[in-house]
Amino acid sequence: MATCTVELLPPTLDATAEQPPLFDGTTRLYTAYICPFAQRVWITRNYKGLQEEIKLVPLNLLNKPAWYKENVYPTSKVPALEHNGKVMGESIDLIKYVDSNFEGPSLYPNDPDKKKFFEELLSYVDTFVGTVFSSFKGEPGKEVDAAFDYIDNALKKIDGPFLLGEFSLVDIAYIPFVERFQIYLSEVFKYDITAGRPKLAAWIEDLNKIEAYKQTKKFDPKEMVEMYKKIFSAQK
């Protein structure tokens with residue numbers, strides 16, 4: 001594992017902030033400290049020891065600079081990566097890109113069977129996220145049980161603490177959402193995602209021993225719960 005240095009995080013940029021230079025040879029990760037999609041790329045960067053190679057540009061999602069959409073990334077979403085004269089997006093694509101195009105420990109499996117399982121797990125992540133988010137509009141039911149059972153069962157298939165045995169991109173794809181779901185479901189619905197799921201509980205515990213991940217846990221749980229309450233009460 002790469003040595004994970006503790007970095008001084010840059011301040012969040014709002015609508016009054018000046019735009020950093022574009023395509024000046026600096027690789028930049030446009031992110032938001034509260035965004036689970038952006039957190040995926042941030043974890044990958046940290047684990048590979050790329051704090052000096054990839055600079056963070058954190059944005060205020062509620063008061064975003066106009067230049068971000070106009071000059072940097074037309075969709076205005078985060079994350080986005082500025083590298084080699086272009087700007088790319090989509091978090092799953094970006095974690096694969098960072099892993100394969102930068103130095104540092106590989107987060108992709110070499111074993112053919114693990115590669116197949118890797119793709120299977122990645123193909124389910126959007127369904128997992130969508131299923132659990134949808135439950136926030138009402139009460140967590142069988143669909144949510146099945147979503148967390150899927151992860152718990154997946155963890156039983158390969159020896160080791162993580163989804164592929166060793167820490168990989170697939171753990172990174174899931175954990176930013178699992179950590180938020182665990183907090184929200186417990187606080188709002190008194191639903192414990194780890195109850196009866198010992199593998200899931202152990203997985204979360206082991207992930208919290210990884211400094212590259214721990215350093216990206218920068219959202220306020222209470223603020224996150226209140227934000228989700230507002231979003232999903234409006235959708236009922």
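A pocket is an open set of grid points at which a 1.4 Å probe fits, with protein on both sides within 12 Å along at least five of seven lines. In the predicted model examined here, the largest pocket holds about 670 Å³ of space. Its lining comprises 20 residues, of which Ile34, Cys35, Leu61, Met227 and Tyr228 are the closest to the pocket centre. Two elements, helix H1 (36-47) and helix H9 (221-233), each give two or more residues to this lining. The largest share, five residues, is supplied by H9. By class, the lining of the largest pocket consists of 15 nonpolar, two polar and three charged residues.

The second largest pocket encloses about 200 Å³ of space. Its lining is formed by Phe37, Arg40, Tyr73, Thr75, Lys77, Val78, Pro79, Glu90, Ser91, Ile92, Asp93 and Asp126. The elements that give two or more residues to the lining of this second pocket are H1 and helix H3 (91-101). The greatest contribution is that of H3, with three residues. Five nonpolar, two polar and five charged residues make up the lining of the second largest pocket. Helix H1 thus appears among the contributors of two or more residues to the largest pocket and to the second largest pocket.

Aromatic side chains were examined next. The model contains 26 aromatic pairs. One of these joins Tyr124 and Phe128 in a tilted arrangement, with 6.5 Å from centre to centre and 45° between the planes. Tyr124 and Phe128 are separated by about one helical turn, because they stand four residues apart in helix H4 (residues 112-135). Both Tyr124 and Phe128 are buried. A further pair, that of Tyr184 and Phe189, is edge-to-face, with a centre-to-centre distance of 6.3 Å and an angle of 70° between the planes. The angle places this pair in the edge-to-face class because it exceeds the limit of 60 degrees. Tyr184 and Phe189 are likewise both buried.

The surroundings of one histidine were also characterised. His83 is located in strand E3 (residues 80-83). The relative accessibility of His83 is 9%, so this residue counts as buried, the cut-off being under 20%. When neighbours within four places in sequence are set aside, His83 is in contact with Thr27, Met88, Tyr97 and Phe102.

How values were computed: Residues are numbered from 1 along each chain as its sequence is written. This is a predicted model: local features need pLDDT of at least 70, side-chain atom pairs count only at pLDDT 80 or more; totals for chains, interfaces and linings use all residues. Side-chain values use heavy atoms; hydrogens and water are left out. Rings of Phe, Tyr and Trp (its six-membered ring) pair if their centres lie within 6.5 Å; planes under 30 degrees apart count as stacked, over 60 as edge-to-face and the rest as tilted. Buried means under 20% relative accessible area, exposed over 50%, partly exposed in between (1.4 Å probe, protein chains only). Contact means heavy atoms within 4.5 Å. On a 1 Å grid over the protein atoms alone, a cavity is a set of points where a 1.4 Å probe fits but cannot get out, and a pocket is an open set with protein on both sides within 12 Å along at least five of seven lines; lining residues have an atom within 4 Å of a point. Grid points are joined across faces, edges and corners, and a volume is the space filled by probe spheres set on the points. Ala, Val, Leu, Ile, Met, Phe, Trp, Tyr, Cys and Pro count as nonpolar, Asp, Glu, Lys and Arg as charged, and the others, Gly among them, as polar.
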